[in-house]
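User: Let us go through how the ligand is held. Please explain each answer before giving the result.

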Amino acid sequence: MSNILEMKQVSKSFPGVKALQKVDFSLEKGEVHCLIGANGAGKSTLMKILAGVYTKDEGEILLEGKSVAIKTPSDSKELGISTIYQELSLVEELTLAENIYLGNYLNPNGGFIKWKQLNEEAKKIFSLLGLSIAPSLQTSSASMGLKQMTEIAKAIASDCKIIVMDEPSTALSGDEVEKLYEVIRLLKGKGYTIVYISHKLEELYAVGDRVTVLRNGEWVITDRLENISQPELIQHITGRKIEKKEKVHHTTHREEFLDVKNFSNKKIHDVSFSVKKGEIVGLYGLVGSGRTELLRAIFGADPIDSGEIYIDGSKKNISSPQKAVDHGMGLVPENRKTEGAILDLSISENAFLPSLRAYSNRSFVKRKQMKAVMQEMIEKLNIKTSSKEVPMRNLSGGNQQKVIISKWLIHQSRLLLFDEPTQGIDIGAKDEIYTIMKELSEDGKSILMATSEIEELLAVCDRVLIMFNGRLIKEFSTPANYKSEIMNIAVSG
Ligand SMILES: Nc1ncnc2c1ncn2[C@@H]1O[C@H](COP(=O)(O)OP(=O)(O)OP(=O)(O)O)[C@@H](O)[C@H]1O
Ligand SMILES: [Mg+2]
């Protein structure tokens with residue numbers, strides 16, 4: 001097969017970071033090529049060079065055998081390369097069709113936008129993808145899956161040959177991921193070449209033809225997926241073997257830390273449960289079952305219509321996240337870019353945000369102590385950064401997530417509310433985070449964690465609550481024994 005694209009000996013540095021060092025990467029026409037590597041390995045950077053977002057320091061890019069210069073995003077677009085980023089870039093106020101043709105409106109010479117034609121063309125593309133979606137729908141009311149499909153439709157409308165998908169599945173539900181696979185296979189059948197980035201190995205094996213592994217900015221291996229087993233792949237990613245750790249036994253929990261009674265609002269209905277000190281409780285359910293809404297209501301981020309909350313046995317009025325933090329809670333939200341992080345502030349500023357009072361003495365900030373604590377977090381969570389003063393914006397996606405987790409560790413929160421805590425986290429660091437969760441619990445801290453990953457749920461939780469349509473419908477206290485029951489009940493109620 002012929003290579004449609006070749007990147008040869010590509011290097012890129014940022015101040016203090018060699019993000020890519022002489023990386024080779026090639027695409028065969030019509031293949032799905034997976035790109036994998038730990039957080040900060042350089043995957044997004046390599047693809048941003050292809051997209052004209054960053055310019056390479058050295059190396060060469062060949063398209064269909066000819067050397068090309070990609071200096072700007074429009075160069076990339078003209079060459080037929082389209083990128084769907086880790087964070088989607090649709091304009092919420094526009095319709096799906098308008099987004100598809102944004103910057104690319106039909107009839108550019110006529111001056112008038114032909115709305116009817118716009119919707120018809122968009123509809124054609126959706127049906128090409130096997131989807132029956134109304135293109136006139138406002139984007140803000142579309143599900144994540146639909147937005148993802150719209151991004152793909154947008155790529156197709158721009159007449160591209162190569163589509164890069166940077167962690168497309170992170171915010172999708174199980175069904176939506178299946179649909180994404182279908183669309184990818186269909187595109188492949190039509191001769192599109194696809195780059196697929198993900199931390200989830202089973203996804204690579206489901207859609208990929210070949211895989212390239214990057215580690216610390218360097219190329220490690222490229223091979224057909226059928227030639228590499230999962231353990232081998234993990235070893236290439238991490239540079240070491242990962243041993244399955246046995247679940248540690250928790251001390252028996254006695255006192256309750258959190259007690260939620262009859263919580264209701266628009267999204268959740270009459271939810272009651274408690275979390276004991278030192279307990280890790282999982283919240284499982286479909287996307288839309290109310291997990292995120294429950295966590296947000298407990299944290300005071302969304303109002304409740306009725307219900308009561310008790311902390312350490314006494315009733316509290318948690319009407320804002322600030323109050324929740326004052327009562328010892330911390331939330332790692334699902335959507336880190338918009339809720340969890342302030343991108344212009346440094347890593348250290350983000351990490352100490354809730355703890356500034358504890359680290360200052362009147363107007364003196366305890367800098368030395370903060371520095372040491374931050375260093376400890378960087379090591380413990382394996383945060384890849386050249387310094388703690390780097391703006392959050394410059395961190396790779398997974399490393400941003402780690403900083404958000406560190407924020408609540410520093411704050412010594414007594415109850416951690418985790419919403420998909422390992423979203424975008426690489427396979428090596430996941431285990432580190434599970435270990436940290438277990439340590440916290442042994443230390444008497446409580447965790448309430450929403451996750452869509454059944455393996456994660458079974459690996460760390462003492463007890464699992466299942467949500468369906470905004471209600472708690474069932475509880476399992478030895479979840480590891482009930483895997484299939486948990487999955488079935490979550491789906492069918
Ligand atoms: N604009 C930037 N300024 C400074 N450093 C950057 C910038 N963009 C990326 N980096 C650094 O380059 C390295 C590679 O980052 P990149 O985003 O490519 O990683 P990644 O493999 O996509 O990781 P993840 O799985 O977490 O998304 C990281 O150390 C990151 O901090
Ligand atoms: Mg990335």
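User: Which element gives the most to the shell around ligand 1?

Analyst: The model is predicted, so local features need pLDDT of at least 70 and side-chain atom pairs count only at pLDDT 80 or more, whereas totals for chains, interfaces and linings use all residues. Residues are numbered from 1 along each chain as its sequence is written, chains are lettered from A and ligands numbered from 1 in the order written, and side-chain values use heavy atoms, leaving out hydrogens and water. With helices (H or I, at least four residues) and strands (E, at least two) taken as DSSP runs numbered from the N terminus, the element that gives the most to this shell, with three residues, is H1.

User: Which residue has a polar backbone atom 2.8 Å from an oxygen atom of ligand 1?

Analyst: A polar contact here is a pair of N or O atoms within 3.5 Å. Through N or O atoms of their side chains, Asn39 comes to 3.0 Å from a ligand 1 oxygen and His199 to 2.9 Å from one. The backbone partner at 2.8 Å is Gly40.

User: How much of the area of ligand 1 does the protein bury?

Analyst: Accessible areas come from the Shrake-Rupley method with a 1.4 Å probe. Taken alone, ligand 1 exposes 640 Å², and the share of this that the protein buries is 91%.

User: Between which domains does ligand 1 lie?

Analyst: The bounds come from an automatic or database domain assignment. Because both domains give residues to the shell, ligand 1 lies between domain 1 (3-238) and domain 2 (256-492).

How values were computed. A polar contact is a pair of N or O atoms within 3.5 Å; within protein, one must be able to donate a hydrogen and the other to accept it, and residues adjacent in sequence count only if both atoms are side-chain atoms.
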